[in-house]
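Please read the points below with the structure open beside you, and check each one by finding the named parts yourself.

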2 protein chains.
Amino acid sequence: MSRLFFLLALSCLGAIGPVSAQASDDDAFAIRGLYDDVLTRSSCHEWLRHLCKRIGHRASGTGAYLSAVEYTRQMLDSIGCDTVWLQPVMVPHWDRGSVEKARIVQSRQIGTQELSVAALGGSAATPVLGVTGEVIEVHSLDELEAMRPEQVKGKIVFFNRPMDPKQISAFAAYGGAVDQRGSGPNLAAKMGAIACLTRSMTLKFDDVPHSGATNFEDGVAPIPAAGLGIQSAEMLSALLKKEAKVTVNLQLDCHRMPDVLAYNVIGEIFGSRFPNEIIAVGGHLDSWDIGEGAHDDGTGCVQSMEVLHAFRRMGMRPQRTLRCVLFANEEFGLRGAKRYAEAAAADKTRRHIAAIESDGGGHTPRGFSVDGTEQLLGRNFKRTLEWRNLLAPFGAADLDRGYSGADIAPLRPQDVLLFGFRPDSQRYFDYHHARTDVFENVHKRELELGAAAMLSLVWLLDTYGVQ
Amino acid sequence: MSRLFFLLALSCLGAIGPVSAQASDDDAFAIRGLYDDVLTRSSCHEWLRHLCKRIGHRASGTGAYLSAVEYTRQMLDSIGCDTVWLQPVMVPHWDRGSVEKARIVQSRQIGTQELSVAALGGSAATPVLGVTGEVIEVHSLDELEAMRPEQVKGKIVFFNRPMDPKQISAFAAYGGAVDQRGSGPNLAAKMGAIACLTRSMTLKFDDVPHSGATNFEDGVAPIPAAGLGIQSAEMLSALLKKEAKVTVNLQLDCHRMPDVLAYNVIGEIFGSRFPNEIIAVGGHLDSWDIGEGAHDDGTGCVQSMEVLHAFRRMGMRPQRTLRCVLFANEEFGLRGAKRYAEAAAADKTRRHIAAIESDGGGHTPRGFSVDGTEQLLGRNFKRTLEWRNLLAPFGAADLDRGYSGADIAPLRPQDVLLFGFRPDSQRYFDYHHARTDVFENVHKRELELGAAAMLSLVWLLDTYGVQ
């Protein structure tokens, strides 16, 4: 197919406008062309290489985050966005410090033994020599809450409920276990524990500790809290079955710093017919401060940039305004997402009709979740299902109602149709919030196939609009 | 769900027998139980570790292949098969030798430069000091065939057509390029070339050379032939654009050895109601002689073993006879597959109703291809499609007509319904026939999900039979 012919075909389709939602042969032909372009001419893998290998991790509040802002701003400029701007937002800054270690200091069977740990975001520091205490193992918040205060006071609480391997979706398995990390340390603190260890949120059997945010209620003094590698957790648990008393020393020197000015990065291509209707596509530019934030969420950022890039590269002028949004501070407060939604609500000249988030990793695409108010879904969900036939040849036809991402969720009350890009989930938690979340663990073609799936959905939304 | 209740539920389903092909809630419940069991109690990852790390590659004709025969025979015995036996077959033995190297020996721009190569199976050796010749680059067999004999005579032919990145299925991209490896050296030999280099069959941009079989017609004297790493191929091609004449030296000391006695390994669980109806599930036990044959096809072997293992572990007695077949010599002659089909045809007391092959890697499942004679498909394909609803919750619902594998293809004339397990294809050719096809590149959960999908299909075929 010649490039000229393809562009002519696309512009004819555009001229038809929002008359029919029926998947047509023309749509199939157009989407095939979008895939061809991304699979042969995309820049997203090279952008990701720069983000991961040149900048590295980009935690909220750090200088590296600002470097990533500047780099992505330049790239969005270079691909020919009509406008690129930075949306300021104050973000929290939690610093891991330089010490995080734990060891079993008293055990009849094995004497002392190192444990593999990573401080949780929001954790308090320990004194320089650490905190030392007896470990009590629990498997749920309920189990801890049912204990008597004197059983917990002065102890180190060890949450050790694994992610459920019977869940087919690793995201579902994560959702069923992550309360131990997000809320476990807070409950332990309220019950008088001196520290908290949480089994890492992964199904992989290794000893790489995983971090992630933990939250303390107002009025609860944070305690030291760390994620524990799976093999360390299994070893500690086995020891606790044999010995009545196992004592652990935990040393962390993380600390909360003052809030810092940061930015959402926004690139825009103006719509030709409905410039006041915005379709946003995005991921979060911040990461945790270990690894390189490759799958979480460098891939979502570069895929979103690639969507706009492809429109420009192919000479397609969208009917509606397309925005690439790279959110600040998803990992530790969602400040960027909240700021973005506030600004969107305040803009009375334009409104978001749809938003797509990619924050489930850069693995092989499976499809999209769809979310929104009941009325909005009532008008649009059935029609969206018809698009499955168009995405099926590319293996991205799973379309189900469901939560579509933390960064676009604040747009929901503004009657925005929300889509979450859904890649295959099996490998994501091997790397998530861990030192193994690096560029080398992202597969170029899988990344590009995801970008092409997102591009196709944006193209359909741009062509047919939202009702 | 208690285990007892689950087994009762299963045996009730069994008692209903082959009355309806309609996917029911009971079927969904049963398949959920099969997945739960495999995802929590499977042995297949440990079996694969042994095959790959203790035995290593298992090329046709080698002692390592016989070690793999003995190991898998023991494992099939240990899981409680009713009978396990070895089916003898004479197999070819091609030995790679210890030297395989290539270098550019004459170039104005870069002087000498090493190239990354792996001899193709069936290649001839070079003299000790190698063959040295001018390189001519072509992109297809047609292009070579259209050349004048004097343009080819005495030269080294370099096939350099990439796998097409626009193909969504990497298997399709492979199918569109592999003629250069399978038949290219034969054509080059017929036209008087002294050697042949073929761009490796992969979409990954690295310099790992990929091997694989090449075939010479009777009467054509084999020439030295090697796969060339992608970066080496790109470099050589770039050089040829700048210089009229680039000369390469290729050294290989591979050679064909006499045929050797080997075996297909077969484990069987007798059917309780229709013992004369066989459902076979298998992969090939041989591998290429670099890497560890992890994805090709250690994963298919251990998944097939796991299917029978799960029946035994869960105390399920199949209605039909279940066979796990580990085929000899898939890579270099298909002798095991032909022997198996001959023996199946000769057995007048029993017949195969269905066969499932897993030889597309151990990646995350997508579904199955279905093949067979027109009449057989006419009676069964529509019904099979109804099973998609049962496999959809597990992401394995792609069911399409299509070629289902080289090892079960010889059973087709015996009116056997053939299924090919289809995992996600994106990563397979990163490793295929290369030193990177190792245990560490197999993902435990993806492997198990594949075994569970195959188990579910076998369970459905056993429950409802073939019409």
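The numbered points that follow take up the interface of the two chains, then the sheet in each chain, and lastly some details of the backbone.

1. Before anything else, please keep in mind that this is a predicted model, and that every value in this note is computed from that model.

2. I would begin where the chains touch. On the side of chain A there are 26 residues in contact with chain B, and chain B likewise contributes 26 residues. The size of an interface is often given as the accessible area that is lost when the parts come together. For chain A and chain B the buried area is about 2300 Å², and carbon and sulfur atoms give 48% of that area. Which residues of chain A lose the most area to chain B? They are Ile168(A), Arg427(A) and Arg445(A), which together make up 30% of what that side buries.

3. The charged and polar pairings across this interface deserve a separate look. The rule finds 2 salt bridges between chain A and chain B, and one of the residues just named, Arg427(A), meets Glu446(B) in a salt bridge between side chains, with 2.8 Å from N to O. If polar contacts are counted instead, there are 20 residue pairs between chain A and chain B, with both residues at pLDDT 80 or more.

4. It also helps to ask which elements of chain A supply the touching side. Those that give two or more residues to it are α2 (25-41), β14 (365-371) and α16 (444-464) of chain A, and the largest share, 5 residues, comes from α2(A). Sorted by class, the side of chain A that touches chain B holds 9 nonpolar, 8 polar and 9 charged residues.

5. Turning to the fold of chain A, please trace the open sheet of 8 strands, whose order is β3-β2-β9-β5-β6-β7-β8-β4 and whose pairing is mixed. Its edge strands are β3 (113-115) and β4 (117-119) of chain A, each of which pairs on one side only, and neighbouring strands are turned by 35° against each other on average, when direction is ignored. At one end of that order, β2 (residues 100-106) of chain A pairs with β3(A) in the antiparallel sense over 3 bridges, and there Arg103(A) stands opposite Glu114(A), a residue of β3(A).

6. A helix can then be placed against these strands. Helix α10 (residues 230-242) of chain A lies across β2, β3, β5, β6, β7, β8 and β9 of chain A, and it runs at about 130° to β3(A).

7. Chain B can be read in a similar way. Here 8 strands form an open sheet in the order β3-β2-β9-β5-β6-β7-β8-β4 with mixed pairing, and β3 (113-115) and β4 (117-119) of chain B are the edge strands. Within this sheet, β6 (residues 156-159) and β7 (residues 195-199) of chain B run parallel and are joined by 4 bridges, where the bridge partner of Phe159(B) is Thr198(B) in β7(B). Helix α10 (residues 230-242) of chain B lies across several strands, including β6 and β7 of chain B, and runs at about 130° to β3(B).

8. Finally, some backbone details should be checked with care, because most residues other than glycine have a negative phi and most peptide bonds are trans. In chain A a cis peptide bond joins Asp296(A) and Asp297(A), with omega about 5°, and Asp297(A) has its place in helix α11 (residues 294-313) of chain A. In chain B a cis peptide bond joins Asp296(B) and Asp297(B), again with omega about 5°, and Asp297(B) lies in helix α11 (residues 294-313) of chain B. Leu334(A), although not a glycine, has a positive phi of about 60°, and its place is in the loop between β12 (320-327) and α12 (335-346) of chain A.

Notes
Residues are numbered from 1 along each chain as its sequence is written. Chains are lettered from A and ligands numbered from 1 in the order in which they are written. This is a predicted model: local features need pLDDT of at least 70, side-chain atom pairs count only at pLDDT 80 or more; totals for chains, interfaces and linings use all residues. Side-chain values use heavy atoms; hydrogens and water are left out. Contact means heavy atoms within 4.5 Å. Buried area is the accessible area (1.4 Å probe) that two parts lose on being put together, summed over both. A salt bridge is a side-chain nitrogen of Lys or Arg within 4 Å of a carboxyl oxygen of Asp or Glu. A polar contact is a pair of N or O atoms within 3.5 Å; within protein, one must be able to donate a hydrogen and the other to accept it, and residues adjacent in sequence count only if both atoms are side-chain atoms. Ala, Val, Leu, Ile, Met, Phe, Trp, Tyr, Cys and Pro count as nonpolar, Asp, Glu, Lys and Arg as charged, and the others, Gly among them, as polar. Two strands pair if DSSP finds at least two bridges between them. Axes are lines fitted to C-alpha atoms, for helices over the stretch in contact, and angles run from 0 to 180 degrees between N-to-C directions.
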